[in-house]
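Here are my notes on this one, written so you can follow along on screen. Have a look at the structure, then go through the points in order.

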Amino acid sequence: MSGRETSGHGTARTVLSGEDIGRVLTRMAHQILEKTAGGNGVVLLGIPTRGVPLARRLAARVRAVEGVELGVGSLDPTMHRDDLRFRAVRPLEVTDLPDGGIDARTVILVDDVLFSGRTVRAALDALAEFGRPRAVQLAVLVDRGHRELPIRADYVGKNMPTSRQEAVAVRLTEIDGSDAVLIVSEGADR
Amino acid sequence: MRHLLSTEDLTRDDALRVLDTAEYMATVADRSVKKLPTLRGRTVVNLFFEDSTRTRTSFEVAAKRLSADVINFSARGSSVSKGESLKDTAQTLEAMGADAVVCRHPASGAPYRLARWVRGSVLNAGDGTHEHPTQALLDAFTIRRRLGRLEGLSVTIVGDLLHSRVARSNMWLLSTLGARVTLVAPPTLVPVGVEQWPAEVSYDLDAVLPKSDVVMMLRVQRERMTAAFFPTEREYTRRYGLDADRLAAMPPSALVMHPGPMVRGMEIASDVADSTRSTVVEQVANGVSVRMAVLYLLLGGTREVT
Amino acid sequence: MTQCGDVVTSEPVAGAGRWHLRGVRPFGADPVDVVLDGGMIVEVGPGLSPAGANILDADGLLALPGLVDLHTHLREPGREDAETVASGTRAAALGGFTTVFAMANTEPVADTAGVVEQVWRLGRDAGHCDVRPVGAVTEGLRGVRLAELGAMASSAAGVRMFSDDGHCVSDAVLMRRALEYVKAFDGVIAQHAQEPRLTEDAQMNEGAVSARLGLSGWPAAAEEAIIARDALLAGHVGSRLHVCHVSTAGSVEILRWAKSKGWRVTAEVTPHHLLLTDDLVTSFDPVFKVNPPLRTATDVEALRAGLADGTIDCIATDHAPHAPQDKETEWAAARPGMVGLETALSIAILAMVETGLLDWAGLADRMAIAPGRIGGLPDASPDGTRALSAGAVANLVLVDPAARWTVDPGALASRSRNTPYAGRNLPGRVQATFLRGRPTVLDGKIV
Ligand SMILES: [Zn+2]
């Protein structure tokens, strides 16, 4: 399904509907179980803001499929970003690690959109302050390309080629009231 | 926020943002690695025209935990003590490329002048008898951590209100954050014009103590006595000092605070200062978290307003 | 001096001589022509056509008697980096003044015949306006021993006004003696009323704003107590007291009471105390630091009312130039004072005329006639009736009351820049100033 809406001076195109997102997350949950031998010792850490509900949804799907309870938490990489001085000051979000910490666990970082890779790099640095995981993997709902660092995702909901002039907006019910992924073209309000 | 010059001008939202950010910073202190890379490449200058090892150290630790470069530019032994003007010093700091200047100065308002002469952010670390905003923020942070809230609390500030920058900053901040502030002092140490402050004034400490959730004691300098603000130290202590009997008159959960340095035996009895009700030690630790928060909020982004 | 020409020229030329001011409005009245000759006003009336005069088409400009400032700090000798007699009197002429009284707190202090004569000569040589030195009351302004008041009175400077301005003559006995002593030459003591103990380290008006800013307070009572004491002393010994820069509502009340007793007490108020209030200090910008300090809106209102009803006799600038290093500092380190000669008339128009409190004749009285009388100017007309009429000395100023201008500190003629009005748009521009028939300012510029 795809629709169009105008916002500001540009247009927004729906590329994933709520239903699509549900399907994609279920597939990702299966992949996680497959690749981590049944989710053994896995901790899902969502990157605020929208990575956090995505991590919770993935954990819920794993529970539904296999009855396995994964650790879930959040990790705010803001203080480790290398691009702070190019933007207005960001409010700090919650970092909340599950009991038992991350030592010797498999940490899966969860984010909504993978773009330059800088957020993930900062998250890897932030993670190092809390311990030494056995492995770190990355799950993203959308990979829109344009990487500036040698970083790739282990689990991708949808590869979505975009131009730099476009923006990808992920909307999640927990935060935005409904589920959708939009591509907003240049000139639109961001 | 561009500068932090006073709490009088601080909005409720900005004040809460500092306190919330400080909560995050406090978690850093519990980690094995206490350092964050956030302000790497930024330069923070500690410009102290008055000796205050504790405040300067607190800012220095805060800036270093955020990986900023710290330059201590103390007035003592530098050209500043040889009569170099504040304006010349400001130009020197510009040449050093200071992103933030932490300024302690004996003249009220000096950081306001500095803010007009430098491009970087200015943090008032105490100006004369005017304000000491980070002290008030760390006091509010300490109260909120201990009692869980600020809204609706009764906070009593006792001592030399006329000359206290801590009293002014706390009075503005706490009332902005919804606390009821009562100021207690001998009438000679209450400024003319206090009627316009958002605070009650009382000359009777014993009448106020049973209704106080927090009692904040201010340092009283002995030289005030020679200037006839009160007759003797003994009389001051009798009427306005916090001793064990007065502590007992306070509600059991009420806190005793002191910004330090204390004059034990004068405004506060030693056993009161060391009691479990006293937050004196926490205040020092919280000072680092609050100053990290302020440095992050001033330096952790671009200058552009969004 | 150019000789009286027989060529009528529409381009006014510099130098005294015969001047035909066409269509001026004396004290704001209907347009008339005024003829100046030999330093005097020789004819006033409609449609005059004097032969051989420089013509100035004044079409609708207001004519006022040359302004007199009882309170100017010219800083020479000693602080020529802040102001000189030449630069200060240029500023005065541009502000419409034909006489300024130069305060004694120079380095060295003007407490001897030698220093007052030096200042007087510097003024005469500069030629922009008359400089009347004020002599110190006490040696070195120290408040201990009387200076040689008689020697200064009988010097070439002919001093009649004495003041320790900047310092209060706080010793009651010394003040009484000074008041008595100057009776011998009809002198007047101008008191800077500031009780010293109550104002130790005082930084600003004591009140709500000082409480907030943590700046030590200068209480109104410290001024009022001295004025009350000195009024009582002046009444007791029958001497003339002049009170400098009155700044509080309470002072106005005390002066009203003293005048009701018939005592010979006069008073001045500065333009800045008629306009500015202490909340400006919130910026901590020392350009607003002045002594006595800016007060509250209530005080401003009382001062305006007192000036309007004559309780306060006149406006005096307290022009106090300071070098940048004395002003571009933290508040406590800055020296108090504001430059004021070039803005005084505009501020007075703003505070007193535009508010309807004074008409042009009233303003002329408060800025020219009354101060001339208090200062004992030899050619002052005691009741002002001779001003701007035939037979009077040709000291006058032509003002465009409709013109507005924006204060640019860098464009001031004063050597210092410490004006509190930077960027303000003010009413009234001085177009021409005549000193004894000779233009010192034409077309708004120094001649
Ligand atoms: Zn004075």
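What follows is a short walk through two of the interfaces in this predicted model.

1. Start where chain C meets chain B. On the chain C side, 17 residues are in contact, and they touch 22 residues of chain B. Together the two chains bury about 1500 Å², with 57% of that on carbon and sulfur atoms. If you want to know where to look on chain C, try C:R212, C:F284 and C:E330: they lose the most area to chain B, together 36% of what that side buries.

2. Now for the charges at this interface. The rule finds three salt bridges between chain C and chain B. Find C:D285, which pairs with B:R113 in a salt bridge; their closest N and O atoms are 3.7 Å apart. There are also five residue pairs in polar contact between these chains, counting pairs with both residues at pLDDT 80 or more. As for the make-up of the chain C side, you'll find eight nonpolar, four polar and five charged residues.

3. Next, swing over to chain A and chain B. Here 16 residues of chain A are in contact with 18 of chain B. The buried area is about 1600 Å², and carbon and sulfur atoms carry 58% of it. Which three residues supply the most of chain A's share? They are A:M79, A:R85 and A:E129, with 42% of the area that chain A buries against chain B.

4. How many salt bridges cross between chain A and chain B? The rule finds zero. Polar contacts do turn up, in three residue pairs (both at pLDDT 80 or more). The chain A side that touches chain B has seven nonpolar, three polar and six charged residues.

Key
Residues numbered from 1 in each chain as written. Chains lettered and ligands numbered in written order. Predicted model: local features only at pLDDT ≥ 70, side-chain atom pairs only at ≥ 80, totals over all residues. Heavy atoms only, no water. Contact = heavy atoms within 4.5 Å. Buried area = accessible area lost by both parts, 1.4 Å probe. Salt bridge = Lys/Arg side-chain N within 4 Å of Asp/Glu carboxyl O. Polar contact = N/O pair within 3.5 Å; in protein donor to acceptor, adjacent residues only side chain to side chain. Nonpolar A, V, L, I, M, F, W, Y, C, P; charged D, E, K, R; others polar.
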